[in-house]
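Subject: The structure to look at

Hi,

Here is the structure I promised to pass on. Have a scroll through it first, and then read my notes below.

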Amino acid sequence: MSLRRTLAVAGRVLAQVRRDHRTLVMLVVLPTLLMSLLWWMYEDSPAPIFDRIGPALLAIFPFIVMFLVTSVTTLRERSSGTLERLLAMPLGKGDFLLGYALAFGLLAAVQSGVAVAVSVGLLGLEITGSVGLLVVVAIVDAVLGTALGLLVSAFAATEFQAVQFMPAIVVPQILLCGLLVPRDSLPGVLEAISDVLPLSYAVDAMTHLVTTTDTGEVWTDLAVVAGFVVAGLALGSATLRRRTP
Amino acid sequence: MNNVVEVSGLRVVRGKREVLHDLDFSIRAGELTGLLGPSGCGKTTLMRALVGVQAKVTGSLTVHGEPAGSASLRSRIGYVTQASSVYDDLTVTENLRFFAKVLGAPASSVTSAIETVDLASHADQVVRDLSGGQRSRVSLAAALLGSPSLLVLDEPTVGLDPVLREQLWGTFRTLAEAGAGVIVSSHVMDEADRCDRLLLMREGAILADGSPSEIKQKANAEDIEHAFLTLVKEAAR
């Protein structure tokens with residue numbers, strides 16, 4: 001592992017994204033547009049539904065986007081032969097994975113920053129806790145998407161397969177994270193499953209930030225999500241093989 | 001002359017099939033070695049084994065006296081895969097700057113690598129917009145960064161125009177003369193005479209190992225293509 005190489009990978013990934021203007025615009029703007037759509041849907045609703053589900057979606061959107069972008073990009077790197085070239089060079093697997101995590105984490109920071117600013121500033125999303133911490137949680141969620149995307153790309157042979165991992169890995173987490181049914185009202189088995197899914201903690205953290213100024217629980221949730229990120233990157237690194245058949 | 005690569009009893013299994021059978025040979029520094037054989041004979045697998053990215057390799061395979069694939073060898077081997085493994089959405093210079101950073105090669109090596117493969121006028125073009133031949137030259141330039149002492153080039157001249165092919169063989173020659181071990185694969189037999197030494201391969205085995213003239217003499221043939229045919233018939237007997 002070396003900082004120089006990690007930064008080289010991150011810089012290269014960012015240079016690629018910068019050249020792809022359409023992707024760049026979509027990365028920055030889409031979550032914000034979706035939040036605005038949600039706000040509009042509930043504009044005439046008497047119940048504060050936007051305030052209830054808005055925070056959860058601030059956690060979910062960056063997670064989904066980064067999961068998809070990362071799994072497809074890494075797969076492309078595997079199939080184009082550039083990964084083989086890099087692994088024949090003095091590049092640590094950790095350099096490769098952290099470089100990606102860093103680049104996409106940075107993009108996630110911009111994406112979440114814009115989404116949170118618009119949601120709180122323009123759409124009037126009520127946040128009791130710290131807005132800064134809300135951005136931090138959103139970034140960690142995005143990095144979680146990156147880590148899981150890196151991991152599943154190892155199990156996908158084609159881009160079609162990589163995209164199918166979205167309904168397989170992401171959608172169940174969205175269903176069980178407490179957005180549709182509060183987690184403690186789920187059937188016992190499903191509640192137990194939701195307890196071991198990272199997105200549940202990400203959404204919990206967001207919900208705490210909205211309802212209370214007490215940050216203790218937020219940090220615990222954040223630590224759990226960060227743990228999943230580290231585990232995902234470690235497993236992803238184990239699936240990167242220098243020698244392939 | 002000292003051996004850069006020493007191979008003995010090399011076997012490689014892919015899936016359930018053994019694709020390289022008990023190979024023995026060496027590659028010397030300062031020599032341009034051609035690895036010739038038909039498509040599918042195991043050239044790429046052999047090169048991947050030399051670089052250390054091939055799984056299920058048995059037997060002895062050393063580069064600079066260390067087992068192939070050792071971490072210390074990774075900055076000393078330049079490897080060009082058959083498909084041009086560079087980033088389509090970056091410019092030529094951006095690609096090479098990135099690989100130079102990974103290798104720890106000086107920034108100046110980027111300019112000289114671009115000049116060597118004759119792409120200076122395309123340096124700021126995005127790789128996607130280049131022709132197939134230009135793209136494979138970018139891939140070659142990436143392998144030249146950091147002055148490697150062993151160059152493993154998998155069909156680097158396929159599909160290139162004759163003038164450029166001539167130039168590149170000149171480049172390989174220069175690199176060999178500067179002291180590097182250079183191994184170049186090709187399925188085009190007429191490239192044989194450009195090499196100091198040939199390894200003729202067929203179906204995962206080495207059919208002949210020697211200078212082009214030695215091989216032609218041995219098979220009593222006028223060119224390598226005929227020598228190859230004669231040797232195949234002899235082996236079948």
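Let's start on the inside. The largest nonpolar core has 125 residues, and the ones with the most contacts inside it are A:Ile60, B:Phe99, B:Phe172 and B:Val182. A second core lies apart from that one; it has 31 residues, including A:Ala88, B:Val5, B:Leu150 and B:Ile183. If you want one residue to click on, try B:Phe172: leaving aside neighbours within four places in sequence, B:Phe172 is in contact with B:Leu32, B:Leu140, B:Leu153, B:Pro156, B:Thr157, B:Val182 and B:Val184.

Keep in mind that this is a predicted model. Chain A averages a pLDDT of 89, and 100% of its residues score at least 70. Among the elements of chain A, helix H3 (residues 49–80) has the lowest mean pLDDT, at 87, while helix H8 (residues 188–195) has the highest, at 94.

The UniProt record (an unreviewed entry) puts "transmembrane region" at six stretches of chain A: 21–41, 53–75, 96–125, 131–155, 162–181 and 222–240. I looked at two of them. Residues 131–155 of chain A are 92% helix, with the end C-alpha atoms 37 Å apart. Residues 162–181 of chain A are 75% helix, and there the end C-alpha atoms lie 28 Å apart. Neither span has any strand: it is 0% in 131–155 and 0% in 162–181.

Now, how do the chains meet? In the interface, 33 residues of chain B are in contact with 26 residues of chain A. Together the two chains bury about 2,600 Å², 56% of it on carbon and sulfur atoms. On the chain B side, B:Arg74, B:Tyr87 and B:Val102 lose the most area to chain A, together 25% of what that side buries.

Three salt bridges cross this interface. A:Arg76 pairs with B:Asp89, with the closest N and O atoms 3.6 Å apart. A:Glu84 meets B:Arg48 at 2.3 Å, N to O. That pair runs from helix H4 (residues 82–88) of chain A to helix H1 (residues 43–51) of chain B. B:Arg48 counts as buried because its relative accessible area is 9%, under the 20% cut-off.

Over all chains there are 19 salt bridges. One of them joins B:Arg165 and B:Glu191 at 3.3 Å, N to O. These two are 26 residues apart in the chain, with B:Arg165 in helix H5 (residues 162–177) of chain B and B:Glu191 in the loop between strands S8 and S9. B:Glu191 is buried, at 1% relative accessible area. Last, B:Arg28, B:Glu31, B:Arg197 and B:Asp209 are linked in a salt-bridge network.

Cheers

Notes:
Residues are numbered from 1 along each chain as its sequence is written. Chains are lettered from A and ligands numbered from 1 in the order in which they are written. This is a predicted model: local features need pLDDT of at least 70, side-chain atom pairs count only at pLDDT 80 or more; totals for chains, interfaces and linings use all residues. Side-chain values use heavy atoms; hydrogens and water are left out. A nonpolar core is a set of buried Ala, Val, Leu, Ile, Met, Phe, Trp, Tyr and Cys residues joined through side-chain atoms within 4.5 Å. Buried means under 20% relative accessible area, exposed over 50%, partly exposed in between (1.4 Å probe, protein chains only). Contact means heavy atoms within 4.5 Å. pLDDT is the predictor's confidence in each residue, from 0 to 100. Helices (H or I, at least four residues) and strands (E, at least two) are DSSP runs, numbered from the N terminus. UniProt positions are given in the numbering used here, feature names are shortened, and annotations may be inferred rather than shown by experiment. Buried area is the accessible area (1.4 Å probe) that two parts lose on being put together, summed over both. A salt bridge is a side-chain nitrogen of Lys or Arg within 4 Å of a carboxyl oxygen of Asp or Glu.
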